[in-house]
Amino acid sequence: MDYDGIIQADIKSSMTRSGTLLFLAGFLIFMGILTSEMLFKAPYNTHDSYISELGTASTATKAIQKTSALIFDTTMIVTGLMVVLAALYIQKIFRRLISTVPLALTGIGLTGVGIFPAHMPPWHIIFAMVIFISGGIAAITSFRIVKAPLRYLFILFGITTLTFLFLNRFTSMEFGAGGSERWVFYPVVFWLTGLGTYLLGLKDGTRYIA
């Protein structure tokens, strides 16, 4: 029996699955937010409004935002589960907990944000911070499973997220609360898509393990 061939096929299958999950997760997060913004009826702008406001079914000044909230919350829950599953596949391939644990925590944070919308503190804030911190760390530590030059771009994405997170008080003065938060979150989203694309492009698993 060709055990090497079986192992290679299993690794390739795991790469395809993890890559597809991450690529689609990043795409769905971005489009889910855009769609929720389009359907949000209360006053809302990217300078002053937090992303998570899209996930609450009501506001202090306006009535019900059921459609936008349903889209946003469902998107976060589903994509969070996709990221967790992708992390399990990636761990199976590379066996790098330093990379896969922060990735899995990012997925847990996404799901938590969807389950506990913005009007449900403190859980919403806790899960949002899990996304931001774990996502930034995961982007940086993914250098262990990708090769140059992409690994350096991913490190830059992670540093951008963590920098804007910890300097939020200062950056929000210029970018606004909403704009600053987007500089924290969107690098993580595009990193997910980038990592997924990278994994989908690999042909032979064992040759590409960093």
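Mentor: Before we start, a helix here is a DSSP run of H or I that is at least four residues long, and helices are numbered from the N terminus. Keep in mind that this is a predicted model.

Trainee: Got it. How many helices and strands are there in the protein?

Mentor: Reading along the sequence, you get the pattern α-α-α-α-α-α. Strands don't show up in that pattern. The count is six helices and zero strands.

Trainee: Where is Glu181, and is it buried or exposed?

Mentor: Find helix H6, since Glu181 has its place there. Its relative accessible area is 10%, and the cut-off for buried is under 20%. Because 10% falls under that cut-off, Glu181 in H6 is buried.

Trainee: Which residues does Glu181 contact, leaving aside its neighbours within four places in sequence?

Mentor: Look far back along the chain for a hint: Asp48 is 133 residues away in sequence, yet the two C-alpha atoms are separated by 9.7 Å. With sequence neighbours within four places set aside, the partners of Glu181 are Tyr50, Ile51, Ser52 and Phe132.

Trainee: Let's stay with H6. At which residue does H6 bend?

Mentor: Start with its span. A straight helix of 34 residues would cover 50 Å, but H6 (residues 168-201) spans only 36 Å between its end C-alpha atoms. There is also a bend of about 115 degrees in H6, and it sits at Phe175.

Trainee: How far apart are the end C-alpha atoms of H2?

Mentor: Do the ruler check: H2 has 29 residues, and at 1.5 Å a residue they should span 42 Å. The model agrees with that, because the ends of H2 are apart by 42 Å.

Trainee: And is Thr79 in H2 buried or exposed?

Mentor: Thr79 lies in H2, which runs over residues 66-94. Beyond four places in sequence, Thr79 touches Ala25, Leu28, Ile29 and Leu110. Its relative accessible area is 1%, so Thr79 is buried.

Trainee: Which backbone oxygen does the side chain of Thr79 reach?

Mentor: Think about helix geometry first. An α-helix has 3.6 residues a turn, so residues three or four places apart point the same way. Now look in the model: at 2.6 Å, the side chain of Thr79 reaches the backbone oxygen of Thr75.

Trainee: What follows H2, and what is its phi?

Mentor: Most residues other than glycine have a negative phi. The residue after H2 is Arg95, found in the loop between H2 and H3. Arg95 is exposed, with a relative accessible area of 64%. Although Arg95 is not a glycine, its phi is positive, at about 55 degrees.

Trainee: Which residues does Ser14 touch, not counting those up to four places away?

Mentor: Ser14 lies in H1, residues 3-39. Ser14 is buried, with a relative accessible area of 2%. Its contacts beyond four places in sequence are Tyr89, Lys92 and Ile93.

Trainee: Which residues have the most contacts inside the largest nonpolar core?

Mentor: Nonpolar side chains tend to be buried together in soluble globular proteins. Here the largest nonpolar core has 48 residues, and the ones with the most contacts inside it are Leu22, Phe185, Trp191 and Leu195.

Trainee: Which helices each supply at least two residues of that core?

Mentor: Take Trp191 as a way in: its contacts include Leu103, Ala138 and Phe157. H3 covers 97-115, H4 covers 123-141 and H5 covers 150-166. The helices that each supply at least two core residues are H1, H2, H3, H4, H5 and H6.

Trainee: What covers the buried residues of H4?

Mentor: Among the buried residues of H4 are Phe127, Ile131, Phe132 and Ala138. The cover over the buried residues of H4 includes H3, H5 and H6.

Trainee: Last one: where are the cis peptide bonds before Pro122 and Pro149?

Mentor: Most peptide bonds are trans. Pro122 is in the loop between H3 and H4, while Pro149 is in the loop between H4 and H5. Omega is near 0 degrees for the bond from Pro121 to Pro122. Omega is about 5 degrees for the other cis bond, which joins Ala148 and Pro149.

Notes. Residues numbered from 1 in each chain as written. Predicted model: local features only at pLDDT ≥ 70, side-chain atom pairs only at ≥ 80, totals over all residues. Heavy atoms only, no water. Buried < 20%, exposed > 50% of the residue type's maximum accessible area, 1.4 Å probe, protein only. Contact = heavy atoms within 4.5 Å. Expected span 1.5 Å × (residues − 1). Bend = angle between axes of the 7 residues up to and from the residue. Polar contact = N/O pair within 3.5 Å; in protein donor to acceptor, adjacent residues only side chain to side chain. Core = buried A, V, L, I, M, F, W, Y, C linked by side-chain atoms within 4.5 Å.
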